[in-house]
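The following exercises concern helix packing, a strand pairing and a ligand shell. Each task is followed by a worked solution.

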Amino acid sequence: MTAALEVRDIGKRFGALTVLDRVSFSVTAGEAVGVVGPNGAGKTTLLDIVAGVRRRDRGRVLLGGADVTGLPPERRCRLGLARTFQVPRPMGDLTVFETALLAAVRGGGLHGRRAEQAAIRALETAGLLADGDRRSTGLRLLSRKRLELARAVAAGPRVLLLDEIAGGLTDAETGALVGTIGDLAAAGIAIVWVEHVIRALVRVATRLVCLADGRVLADGEPRAVLGDPAVQRAYFGRAAP
Ligand SMILES: Nc1ncnc2c1ncn2[C@@H]1O[C@H](COP(=O)(O)OP(=O)(O)OP(=O)(O)O)[C@@H](O)[C@H]1O
């Protein structure tokens, strides 16, 4: 089966610092892959390269088998690659509905009634439909994170990149969001989720990729990866007792 997303041999340096060193992994439709690793491991840089907002030095990014390495973020989005941002970005003075609608138009290439329907469906999926008329700038953190999800979903992704979407939330709030992310995977979207809140991640992720010093240290079933002594040393600073 062709992977929904394939990251092949990605390399990136910032000056003398090698941030990503031949990173490869792939994700199939409906699979939720968690990306973990210590601070500075290169996780956000990797997401930025996959999304097309940062250039890679080497390697390729393939979406459904098509090489998108040279394409700008908007083109990748139209081809089915959407992302959320670590820090939600309310868009000016727009309402929640207008924000989702804009994403359906700009990101999804939809117009008129079809764009409205996509926006409504995305808000429903993210649990924000009742807040459609509210200004996005006035939302609390959980609702801002939900709006990040709705914005990405309104673009109609086949691949969804999540950047620390659970950060700053309480356990109960995270639980609600995790349910939504699980539903998106069950609907066939391939998910790549960079997250430090591992207890949230393992509720959805069927696989974990651990990055350390820009390399893939482990890639496999979550319990096996988290139990790997090399992962524990890199991530938690110690091996299992
Ligand atoms: N624009 C930049 N210029 C120079 N160095 C950078 C730049 N962006 C990131 N880095 C460095 O690249 C390395 C990887 O950063 P990155 O943010 O990708 O890591 P991360 O795994 O996402 O970390 P965190 O978990 O803290 O978010 C770090 O050493 C960081 O300081």
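**Exercise 1.** Determine the handedness of the crossing of H4 and H5, and classify their relative orientation.

*Solution.* The crossing of H4 and H5 is right-handed (the near helix is turned clockwise from the far one by less than a right angle; anticlockwise would be left-handed). Helices are DSSP runs of H or I with at least four residues, and strands are runs of E with at least two, numbered from the N terminus. Next, H4 (residues 112–125) and H5 (residues 141–154) pack at an angle of about 140°, with axes 8 Å apart. H4 is therefore oblique to H5 (under 35 degrees counts as roughly parallel, over 145 as roughly antiparallel, 65 to 115 as roughly perpendicular, the rest as oblique).

This is a predicted model, in which local features need pLDDT of at least 70, side-chain atom pairs count only at pLDDT 80 or more, and totals for chains, interfaces and linings use all residues. Residues are numbered from 1 along each chain as its sequence is written.

**Exercise 2.** Describe how S1 and S2 are joined.

*Solution.* S1 (residues 5–14) and S2 (residues 17–27) run antiparallel and are joined by 7 bridges (pairing requires at least two DSSP bridges). Phe 14 has Leu 17 as its bridge partner in S2. The two strands form a hairpin with 2 residues between them, and Gly 15 in the turn has a positive phi of about 60°.

**Exercise 3.** Which helix gives the most to the shell around the ligand?

*Solution.* Residues surrounding the ligand include Phe 14, Lys 43 and Thr 44 (C-beta, placed from the backbone, within 6 Å). Helix H1 (residues 43–51) gives the most, with 3 residues.

Note on methods: Axes fitted to C-alpha atoms, helices over the stretch in contact; angles between N-to-C directions.
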